[in-house]
Amino acid sequence: MPTVHFTDAEGAVRDVEGNVGDSVMETAVRNGVPGIVAECGGSLSCATCHVFVREDCLSQLPPMGDMEDEMLYGTAVDREDNSRLSCQLRLTDHTELFVTTPETQV
Amino acid sequence: MGTHAVEEAAGAPAGAGTVPTRTGLLIIGASQSGVQLAVSLRALGFDEHITLLGDEDHRPYQRPALSKEFLQGTVESESLIFRSNEYWAEHNVDLVKGEYIVRIEKEADGSGVAHASSGREFPFKRLALTVGARARKLEIDGGGLDGVLYLRNADDALALKARVGDATDVVVIGGGFIGLEAASSLQKMGKNVTVLEFGPRLVGRAVGEETAEYFLQAHRSRGLDIRLNTSAARFMPDADGGKSVAAVELQDGTVLPAQIVLIGIGVIPNTQLAEQLGLAVDNGVVVDRFALASDGTTVAVGDVANMPNPVPGSEPGERIRLESVNNAIEHAKVAAYSLTGRREEYAGIPWFWSNQSDLKLQIAGLCNGFDQTVVRRDEERGKFSVLYYRQGRIIAADCVNAPLDFMAVKNALAKGQNIPADAAADPATHLKTITTDSQPH
């Protein structure tokens, strides 16, 4: 099963198993992972599902679209090179993803 | 979790998962705001049992996709579910589906009993109304024909989906967000779509004239037939005495074929229970800055609540009712603080979004009372923004496919900063770089 390991800004870790095809954001929200807000439900409108992806996991992710790129410039905590919006990251059979959630999303 | 042993039914084992005879908080309306209220309360450490009750037969779900991805079939219904069943069980929240509350008895201390149409009773210590709004009906001849539809909840969307396969022609009545989103979706699904708008421009008062005009031209250039200043006179059946709609006759006598008529002409807040309770009602349930209704104990949240305008700099006494996901969430947080004995005011700047075809509209702030606009247009990259000013200060922006502008304005408003109008006029300028802390004189 695909698994996402969420680390919050204080360092607490939460491991969540997800379903293939769901996004990392959906996986977080449905299971109540606190560091993801996702006001817009995944329609790339709010930039409140910002995550920092562990460097060695970046290669398993789909490339970033222009809209996601622009939205990332407006996140509550400034973007880094490893920033993504988790609504754009779909789980596959092989997903084993380590992400850190920012201190705040709004 | 929680310490609600005194509330347990006699003889019932104590502990998580048992439903007390009287819930700590009854939330009527398993909506965006109802869900957020329960979630926020748990985050704040509220440890009483919560009952989240809805009148639909679905687990609480997100509405925005109903007119877009769900209608088009690009997301499954499971994706719309807010929280897993396990989440609710772990957090001692009892989900009640398919119960319609018809009457509430309430005591001065805020406790009471809610009576459902099924005869079930729901005793509570505190009450929250997150009952939202219902679609405004168009009462004209033929309004009861099969295929004359509205789009407010999941069952509406399922009914629309069920008919859409056999339809060639769709008439959408109402050129607001719902109407335009659904019209764009249906057009993408290959339907011949006509939009009728009663008023002289699209989207009513939610956006300024420049944005309305932009959407009119953009949709028309994408092949959508939009008719302004046009209203339907009656819906005509497929045969004399037929049950299904086949056409729409306009006021001027024009007849448009339509196997589906979709009506999106606004909503009416569900104030019936508040009225029965004797709460102050005026375009929604009147609440104070802390989401408390006029009885001082019931909270009312989201689309149904008429609240003091939360935008910094608003006139004292100015009130507003907002219909948006963002408001449902932020207002629920305010109510959660209230219910845990804290007084926290509304945080953040109201914002809205609407996705129509490849047009992605994001609105930051409220443009009411603007006295100046700045239009930023980048034809080449398909970006368009309108910035709204009042007395030299930015108060809102409509941004189409321009998330950088949207984010810059939203962040500036949240921090009380300004984006000077003269410097903003050049679309090549990044708004973030000209944001200023200084106040205009």
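Let's start with strand S6 of chain B, residues 121-129, which is mostly covered in this predicted model: 7 of its 9 residues are buried. The model being predicted applies to everything that follows.

**Neighbours of S6(B)**

What does S6(B) pair with? Strand S1 of chain B, residues 23-28, runs parallel to S6(B) and is joined to it by 5 bridges. Strand S5 of chain B, residues 112-116, pairs with S6(B) in the antiparallel sense, over 4 bridges. Strand S18 of chain B, residues 299-300, pairs with S6(B) in the parallel sense over 2 bridges. Here are these pairings side by side, each with a residue pair to look for in the viewer.

| Strand paired with S6(B) | Sense | Bridges | Facing residues |
|---|---|---|---|
| S1(B), residues 23-28 | parallel | 5 bridges | Leu26(B) and Leu127(B) |
| S5(B), residues 112-116 | antiparallel | 4 bridges | His115(B) and Glu121(B) |
| S18(B), residues 299-300 | parallel | 2 bridges | Leu129(B) and Ala300(B) |

If you follow the chain from S5(B) into S6(B), you pass through a hairpin with 4 residues between the strands. Gly119(B) is worth a click there, as it takes a positive phi near 100°.

**Domains of chain B**

Now zoom out to the whole chain. The domain assignment of chain B gives domain 1 as 5-133 + 268-339, domain 2 as 137-265 and domain 3 as 358-433. The centres of domain 2 and domain 3 of chain B, taken over C-alpha atoms, are separated by 31 Å. Their contact takes 7 residues from domain 2 of chain B and 10 residues from domain 3 of chain B. On the domain 2 side of chain B, the residues that touch domain 3 of chain B are 4 nonpolar, 2 polar and 1 charged.

**Where chain B meets chain A**

How many residues of chain B are in contact with chain A? There are 20, and they are in contact with 16 residues of chain A. On the chain B side, helix H8 (325-339), strand S21 (351-356) and helix H9 (403-414) each supply at least two residues. Which of these elements gives the most to that side? H9(B) does, with 5 residues. By class, the side of chain B that touches chain A divides into 10 nonpolar, 8 polar and 2 charged residues.

Definitions and conventions. Residues are numbered from 1 along each chain as its sequence is written. Chains are lettered from A and ligands numbered from 1 in the order in which they are written. This is a predicted model: local features need pLDDT of at least 70, side-chain atom pairs count only at pLDDT 80 or more; totals for chains, interfaces and linings use all residues. A residue is buried if 20 or more other C-beta atoms lie within 10 Å of its own, exposed if 12 or fewer, and partly exposed in between; C-beta atoms are placed from the backbone. Two strands pair if DSSP finds at least two bridges between them. Two residues are in contact if their C-beta atoms, placed from the backbone, lie within 7 Å. Ala, Val, Leu, Ile, Met, Phe, Trp, Tyr, Cys and Pro count as nonpolar, Asp, Glu, Lys and Arg as charged, and the others, Gly among them, as polar. Domain bounds come from an automatic or database domain assignment.
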